[in-house]
Amino acid sequence: GYPDHQSYKPGDTLRLHTSIEFDKFDLSIDRVGKDRKRVHEAKGIAGKAWPIPANSSSKGCGWPAGVEIPIGDDWRTGYYEADISASLGRTSSERKSTKIPFVVRSEKPGKDTKILLQLSTNTDNAYNTWGGHSLYAYNSRNKEQGRRVSSHRPMPWGPYKRWEAPFVRWAETHGYRLDYAVNNDLELHPEILDRYNLILSVGHDEYWSTAMRDSLEGFVARGGNAA
């Protein structure tokens, strides 16, 4: 599965586009920082399987939304994982599961902290091979490099887990409060930047659009800091 957006704010609706090979599945959603906090749980949701288009790597899966959940006011800004699981039908302990990541932005940017961590979601998407192709030949099907990739397909957010997740655990353990965003929030919501004193890029943050770069350079020119 995949979310319709990579980030949300409280009051938005999270839509999970899922393809489930079981009649029923369970769903839980956790905020993942230095520890996990459960914010939503549901059981026995009706499942439905959808075909995988041949061009899903570049054009997306096009599956309908299988689950819609309001983002609550108590969903603190951060990295979240929706866990979808279903029983294999043998014993209660044998289950198949998958995780769908997304970010919750602050409802009031800059109110609780002046540090914004923007996650390298574009890089995750560039290296993601789900559907057959990434933007690289070495890990793509038949070693054929993709020329375009879609975020509307399952994404494991591997670079996040390798670099940014350890930083988040360290920061929260040592009392640093962060607001969270994703790469394209710098393009789609550039107005939030001036609410902060510092914008962080951690780890392997490789893929930037011109609009993202312009937003950050404008922020720095106005006296902001980037690290």
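Hi everyone. Let me start with a term: partly exposed means a relative accessible area between the buried limit, under 20%, and the exposed limit, over 50%. By that rule Asp-194, with a relative accessible area of 47%, is partly exposed. Please keep in mind that this is a predicted model.

Let me stay with Asp-194 for a moment. Asp-194 forms a salt bridge with Arg-222, and their closest N and O atoms are 3.1 Å apart. The two sit in loops, Asp-194 between α4 (185-188) and β11 (198-200), Arg-222 between α5 (210-221) and β12 (225-226), with 28 residues separating them along the chain. And is Arg-222 buried or exposed? Arg-222 counts as exposed, because its relative accessibility is 52% and the limit is over 50%.

On to another pair. Arg-95 makes a salt bridge with Asp-26, where the closest N and O atoms lie 2.9 Å apart. This one connects strand β8, which holds Arg-95, to strand β4, which holds Asp-26, across 69 residues of chain. Here the two partners fall into separate classes: Arg-95 is partly exposed at 37% relative accessible area, while Asp-26 is buried at 18%.

Strand β4 also carries Arg-31, whose partner Glu-172 belongs to helix α3 (residues 158-173), 141 residues apart. The closest N and O atoms of this salt bridge are again 2.9 Å apart. What about burial of Glu-172 and Arg-31? Both residues are buried.

Zooming out, the structure holds 18 salt bridges. Some of the charged residues form a network of such bridges, made up of Asp-30, Arg-36, Arg-38, Glu-41, Glu-81 and Lys-161.

Now for the nonpolar side. The largest nonpolar core has 19 residues, and the members touching the most others are Leu-14, Leu-27, Ile-29, Trp-75 and Phe-102. Which strands feed this core with at least two residues each? They are β3 (13-17), β4 (24-32), β6 (65-70), β7 (78-87) and β8 (95-104). The largest share, four residues, is supplied by β7.

Phe-102 is a nice residue to click on. Leaving aside residues up to four places away in sequence, Phe-102 touches Pro-3, Gln-6, Tyr-8, Leu-14, Ile-29, Ile-71, Trp-75, Gly-78, Tyr-79, Tyr-80, Ala-82 and Trp-157. Trp-157 turns up once more in a second, separate core of 16 residues, which also includes Leu-119, Tyr-180 and Val-182.

That's my tour, thanks for listening!

Definitions and conventions. Residues numbered from 1 in each chain as written. Predicted model: local features only at pLDDT ≥ 70, side-chain atom pairs only at ≥ 80, totals over all residues. Heavy atoms only, no water. Core = buried A, V, L, I, M, F, W, Y, C linked by side-chain atoms within 4.5 Å. Buried < 20%, exposed > 50% of the residue type's maximum accessible area, 1.4 Å probe, protein only. Contact = heavy atoms within 4.5 Å. Salt bridge = Lys/Arg side-chain N within 4 Å of Asp/Glu carboxyl O.
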